[in-house]
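Me: I would be grateful for a close look at one part of this model, namely the place where two of its domains meet. Please set that part in the context of the whole chain and of its charged pairs.

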Amino acid sequence: MCFLKRLDGRTAAETGRDLHRFATELYPTCRSITGDGIRRTLASIANRIPLQTVEVPTGTPVLDWTVPREWNIRDAYIKAPDGKRVVDFQRSNLHVVNYSSPVHATMPLSELKPHLFTLPESPDWIPYRTSYYQEDWGFCLSHNQMLALEDGDYEVCIDSTLEAGRLTYGECYLPGRSADEILISTHACHPSLANDNLSGLTVATSLAQLLSEQGHHYSYRFLFIPGTIGAITWLARNRENVGRIRHGLVLTCIGDAGGFHYKKSRRGNAEIDRAAAHVLRHQNEPSEVLEFSPYGYDERQYCSPGFNLPVGCLMRSVWGSFPEYHTSADNLAFIQPLQLAGSLRVCAAILDVLEGNRRYRNQSPYGEPQLGRRNLYRSGGGTPGLEISARLWVLNLSDGEHSLLDIAERSGIPFPAISDAARLLCEGGLLAVVPDDAG
Ligand code: ZN
């Protein structure tokens, strides 16, 4: 029952290559908050893990929102006065403002310009824009591309449909020994953007694969959902059951070269907050723990005051803080195999802490028990000082009140060493687990 150990069976390069390959497979699809793009993406995920696809009709009231119309797109272009496609959806799906209403018209450049979006500060990149909740149409292009447009009449075409249909999301439930749940949520609604979207999708899929290969205490629920409206829809449909969620993580932007950032849940001191902070402190990459804020990804919904679930958000670079964010430069070169593999490892380590975090009671609490007599005062092959030190910490603090995570935090010893010590001491009869429901 150790997810990290199972990952050790392969090199980080092998794991990373598989993650990046899956991202490459998903990259070309034009996803949106509804429509066939997200359906196709979920079908690819379903080839790897048991995934239930849920379809919710347009117009369904969900909390304070309504399920929107379904958007699908086949083609889009701007044709210059000489008939050449100067902007072509077939070259990049970012060229169309996502969720654009259909249009087919010819107009002078001056009339077209208010519908064109560029990034003057990064003149070679295409921005990513959406028009989900106000009906509009538009094109995104590089600033240099726009500067090259000459006066004249342009034919614009967006061959899209916005009609009553369904909102689609995917849910993978992996039952554990307990009905208590760990929620892993990631958004699946962005078109060809790699870090913001595909990094979370691929790592979450691999994590679900890893978990499905072995037994676990918690039950796990993985959500692959359109951002905001998907989380709201899921919460609306599962309002009665959210009490089962004991811990949760939103995964996003975890494939770039930046160090880790963990954003705490609204509660700020939930076990997931402490587990994530502990794991980040004891791994080799730079990391920072951030306080909760009511903006970001779907943790905003899970941590809205009515639900207030213990759900944090794991990132590398923070959304909006890197120049490639929401541009064509957030591409497959921007995410790195080794970074994806490192993120999967951190996720596995956090889940190992949650899975193994129990309270124990020292069975010989009057004076130090004589470890030498029990063959517990010598190393089992690891770092001898650390192993003995971990045993002494576990024995001293296991009064039925302190959890193993409490002990790991207070001793400064990484959780796996504390957890190994507890297992050995149990086998030696010096420690007994406190049942879950006891106080
Ligand atoms: Zn985004």
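Reply: Domain bounds here come from an automatic or database domain assignment. The model is a predicted one. On that basis the chain divides into domain 1 (3–67 + 166–356), domain 2 (73–163) and domain 3 (359–433). The part examined below is the contact between domain 1 and domain 3.

As a frame for that contact, the chain has 439 residues, 57% of them buried, and contains 13 helices and 19 strands. Along the principal axes, its C-alpha atoms fill a box of roughly 90 × 40 × 35 Å. Of the contacts with a separation of 6 or more, 81% join residues 24 or more positions apart.

The centres of domain 1 and domain 3, taken over C-alpha atoms, lie 34 Å apart. Where the two meet, nine residues of domain 1 are in contact with ten residues of domain 3. Between them the two domains bury about 790 Å², and 58% of this area is on carbon and sulfur atoms. On the side of domain 1, the residues that lose the most area to domain 3 are Arg274, His278 and His282, which together account for 56% of what that side buries.

Polar and charged pairs also join the two domains. Two salt bridges are counted between domain 1 and domain 3, and three residue pairs are in polar contact. Arginine 274 and glutamate 409 form a salt bridge in which the closest N and O atoms are 2.8 Å apart. Helix H8 (271–281) and helix H10 (337–356) are the elements that each give two or more residues to the side of domain 1 that touches domain 3. Of these, H8 provides the largest share, four residues. By residue class, that side of domain 1 comprises two nonpolar, three polar and four charged residues.

The loop that leads to H8 deserves attention as well. Serine 265 is placed in this loop, between strand S14 (260–263) and H8. Its relative accessible area is 1%, so serine 265 is buried. The side chain of serine 265 makes a polar contact, at 2.8 Å, with the side chain of aspartate 273. Leaving aside residues up to four places away in sequence, serine 265 touches Ala270, Asp273, Phe292, Cys303, Leu309, Pro310, Val311 and Gly312.

Beyond the domain contact, the salt bridges of the model can be compared by setting. The count comes to 24 salt bridges. One of them joins glutamate 181 and arginine 221, with the closest N and O atoms 2.8 Å apart. This pair links distant parts of the chain, since glutamate 181 lies in strand S11 (residues 181–187) and arginine 221 in strand S12, 40 residues apart. Glutamate 181 has a relative accessibility of 2% and therefore counts as buried. Arginine 221, with a relative accessible area of 12%, is likewise buried, because the cut-off is under 20%.

Another pair, glutamate 213 and arginine 6, forms a salt bridge whose closest N and O atoms are 3.5 Å apart. Here too distant parts of the chain are linked: glutamate 213 sits in the loop between helix H6 (194–212) and strand S12 (219–225), arginine 6 sits in helix H1 (residues 3–7), and the two are 207 residues apart. Glutamate 213 counts as partly exposed, at 47% relative accessibility, and arginine 6 also counts as partly exposed, at 40%.

A further salt bridge has a local setting. The side chains of arginine 39 and aspartate 36 meet at 2.8 Å, N to O. Both residues belong to helix H3 (residues 36–46) and are three residues apart, about one turn of the helix. Arginine 39 is partly exposed at 22% relative accessible area, and aspartate 36 counts as partly exposed at 36%. The pair is also part of a network of salt bridges that links Asp36, Arg39, Glu55 and Glu70.

Helix H7 (residues 229–237) offers an example of a covered element. Seven of its nine residues are buried, and the helix is accordingly mostly covered. The buried residues of H7 are Ile229, Gly230, Ala231, Ile232, Thr233, Trp234 and Leu235.

To return to the part requested, H8 gives four residues to the side of domain 1 that touches domain 3, and arginine 274 forms a salt bridge there with glutamate 409.

How values were computed:
Residues are numbered from 1 along each chain as its sequence is written. This is a predicted model: local features need pLDDT of at least 70, side-chain atom pairs count only at pLDDT 80 or more; totals for chains, interfaces and linings use all residues. Side-chain values use heavy atoms; hydrogens and water are left out. Contact means heavy atoms within 4.5 Å. Buried area is the accessible area (1.4 Å probe) that two parts lose on being put together, summed over both. A salt bridge is a side-chain nitrogen of Lys or Arg within 4 Å of a carboxyl oxygen of Asp or Glu. A polar contact is a pair of N or O atoms within 3.5 Å; within protein, one must be able to donate a hydrogen and the other to accept it, and residues adjacent in sequence count only if both atoms are side-chain atoms. Ala, Val, Leu, Ile, Met, Phe, Trp, Tyr, Cys and Pro count as nonpolar, Asp, Glu, Lys and Arg as charged, and the others, Gly among them, as polar. Buried means under 20% relative accessible area, exposed over 50%, partly exposed in between (1.4 Å probe, protein chains only).
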